[in-house]
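Dear colleague,

I am handing over the structure below, and after it you will find a short account of what was found. Please read the text with the structure open beside it.

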Amino acid sequence: QVQLVESGGGLVQAGGSLRLSCAASERAFSRYAMGWFRQAPGKEREFVATISWSGHMTYYADSVKGRFTISRDNAKNTVYLQMDSLKSEDTAVYYCAADVRLLTTDGYDYWGQGTQVTVSS
């Protein structure tokens, strides 16, 4: 069982930046691909970004490509989401997730509790 804890959310003005972190309890963290998802009020949860076990491969949703960067530090059992040029439409609860499959955009096995990101215009 992998436990995931997100942090780093908050309130930021449009055009600003935030970095989310997700710490994993699993010592075999490097065996899991990691993903970030988000859910805005009244909307379904959507895929944001994913990163491979080693960190060498990444994949992004078109809506965040060029603005968000996913990375990981396997020595710290942590995955990050650097969010730049934030827009009001990025406002959502952000979740990290873990799965043994590579670069998948849904069906993750393990989920964190989420962290709120609010972008004011």
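**The open sheet**

In this model, which is predicted, 4 strands make up an open sheet whose order is 1-3-8-7, with antiparallel pairing. The edges are taken by strand 1 (4–7) and strand 7 (68–73), each of which has a single partner strand, so one side of each is left without a neighbour in the sheet. From one strand to the next, the twist averages 15°.

At one of these edges, strand 1 runs antiparallel to strand 3, and the two are joined by 4 bridges. Within this pairing, Val5 is the residue that stands opposite Ala23 in strand 3. As background for reading such pairings, strands of a sheet are held in pairs through backbone hydrogen bonds, either parallel or antiparallel.

**The disulfide**

Strand 3 also brings us to the cysteines, since Cys22 belongs to that strand. How many disulfides does the count come to? The count comes to 1 disulfide, and this disulfide joins Cys22 to Cys96, with a distance of 1.9 Å from S to S. The link ties together distant parts of the chain, for Cys22 lies in strand 3 (residues 18–24) and Cys96 in strand 9 (residues 92–99), and the two are 74 residues apart. The link of Cys22 and Cys96 is right-handed, with 40° about the S-S bond. Are these two cysteines buried or exposed? Cys22 is buried, and Cys96 is buried as well.

**Strand 5 and its two hairpins**

The other part I would point you to is strand 5 (residues 46–51), which is mostly covered, as 5 of its 6 residues are buried. Strand 5 pairs with strand 4 (residues 33–39) in the antiparallel sense over 5 bridges, and in this pairing Trp36 stands opposite Ala49 in strand 5. Strand 4 and strand 5 form a hairpin with 6 residues between them, and in the turn Gly42 has a positive phi of about 75°.

Strand 5 is also joined by 3 bridges to strand 6 (residues 58–60), and these two strands run antiparallel. Here Thr50 has Tyr59, in strand 6, as its bridge partner. Strand 5 and strand 6 again form a hairpin, with 6 residues between them, and the turn holds Gly55, whose phi is positive at about 95°. When you look along any of these strands, it may help to recall that in a regular strand the side chains alternate between the two faces of the sheet.

With kind regards

Terms used:
Residues numbered from 1 in each chain as written. Predicted model: local features only at pLDDT ≥ 70, side-chain atom pairs only at ≥ 80, totals over all residues. Heavy atoms only, no water. Disulfide = S-S within 2.5 Å. Buried < 20%, exposed > 50% of the residue type's maximum accessible area, 1.4 Å probe, protein only. Pairing = 2+ DSSP bridges. Axes fitted to C-alpha atoms, helices over the stretch in contact; angles between N-to-C directions.
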